[in-house]
Amino acid sequence: MTTHSPSLQASPDQTAPSAPETLHVAVVGAGRVGTAVARSLLDAGYRVSLSASGDPALLALMAEIVTPGAEPKWTGDAVSDADLVILALPLHRLHTVDPALLHGRIVVDAMNYWPPVDGTIPAFAAETRGSSVVVQEMFPGAVVVKTFNHTGYHSLEPDRRPAGHPERLGLAVAGDNSEAVALVSAMVDRIGYDPVPVTSLAVTTFMQPGGPAFGSRLTAAQLEDLAGVPASAA
Ligand SMILES: NC(=O)c1ccc[n+]([C@@H]2O[C@H](COP(=O)([O-])OP(=O)(O)OC[C@H]3O[C@@H](n4cnc5c(N)ncnc54)[C@H](OP(=O)(O)O)[C@@H]3O)[C@@H](O)[C@H]2O)c1
């Protein structure tokens with residue numbers, strides 16, 4: 001299997017980091033991770049939509065209470081209008097997402113292959129370079145960037161710190177496309193973490209279950225050491 005870096009849609013919104021309030025982020029998956037990410041994005045000033053597997057009307061009350069400000073949408077509607085898509089659903093459900101929907105999109109993979117929940121999925125079980133390599137192959141027209149997956153949903157919000165704070169932690173941001181990594185890194189920075197750009201999806205086992213960064217609260221310098229590759233200048 002090989003990794004590749006599809007080109008982005010010719011949309012200025014997707015190629016140039018913009019002010020957060022002008023960016024619409026579609027969070028796909030309204031569970032523990034999706035709602036924590038959505039709240040963090042809202043706090044950082046982004047326009048956020050939230051979708052689950054069904055009718056957004058079923059999400060409305062939950063969203064009003066749990067992620068106030070996030071707009072419940074059908075996944076298709078949310079993604080078609082989004083500058084950035086965050087996938088936060090269990091990997092065993094990922095096959096239900098239409099690859100055509102994500103064509104040309106920057107897609108953040110916040111997911112982990114977790115056999116107790118996902119069961120055995122041969123493609124993920126066999127992949128030794130990182131689960132996002134498989135996600136990229138499932139969505140060949142998307143530009144996949146891996147982040148958020150190595151922190152727990154319960155610590156994402158309390159661990160946020162402003163830039164320069166002595167307790168600020170890092171989050172690895174891995175991808176094959178440097179423009180997309182830069183855009184997502186800017187988002188991670190605005191949320192409250194030092195982004196640690198990693199130049200390839202194929203070296204990301206350090207940040208997934210079983211890897212040393214998984215579930216650890218690490219500074220950017222510690223993450224760079226664990227990444228084992230030079231951080232990009234993205
Ligand atoms: N838990 C953690 O601390 C943590 C940390 C980092 C990463 N992760 C990873 O993040 C992913 C999500 O974990 P989670 O704990 O947030 O899961 P979760 O609480 O079970 O939530 C899953 C969400 O995905 C939605 N979903 C399922 N199929 C969908 C589809 N086809 N389209 C849109 N939404 C769909 C579900 O909606 P319905 O209810 O409508 O099906 C639900 O809202 C997993 O891969 C997990 O390994 C988890």
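Select helix H2 (residues 32-43) together with the ligand: in this predicted model, the helix contributes three residues to the shell around the ligand, which is the largest share. Widen the selection to the 26 residues around the ligand, of which Gly29, Gly31, Val33, Ala52 and Met111 come nearest; coloured by class, the shell shows 13 nonpolar, eleven polar and two charged residues.

Next, add the two strands that belong with this helix, since E1, H2 and E2 make a right-handed β-α-β unit. Strand E1 (residues 24-28) has four of its five residues buried, so the strand is largely enclosed by the rest of the structure. On one pairing, E1 runs parallel to strand E2 (residues 47-51) and is joined to it by five bridges, with Val28 standing opposite Ser51 in E2. Another pairing, also parallel, links E1 to strand E4 (residues 84-87) over four bridges, and here Val27 has Ile86 of E4 as its bridge partner.

From E4, move to the largest nonpolar core, a set of 72 residues in which Val37, Val85 and Ile86 have the most contacts. Helix H9 (residues 178-191) supplies the largest share of this core, namely eight residues. Centre the view on Val85 and, leaving aside neighbours within four places in sequence, display its contacts, among them Ala26, Val28, Leu102 and Ile106.

Finally, zoom out to the whole protein chain, which holds ten helices and eight strands and in which 46% of the 234 residues count as buried. Of the contacts in the chain with a separation of 6 or more, 69% are between residues 24 or more positions apart.

Definitions and conventions: Residues numbered from 1 in each chain as written. Predicted model: local features only at pLDDT ≥ 70, side-chain atom pairs only at ≥ 80, totals over all residues. Near = placed C-beta within 6 Å. Nonpolar A, V, L, I, M, F, W, Y, C, P; charged D, E, K, R; others polar. Buried ≥ 20, exposed ≤ 12 C-beta atoms within 10 Å, placed from the backbone. Contact = placed C-beta atoms within 7 Å. Core = buried A, V, L, I, M, F, W, Y, C linked by C-beta atoms within 7 Å. Pairing = 2+ DSSP bridges. Right-handed = clockwise from strand over helix to strand, strands pointing away.
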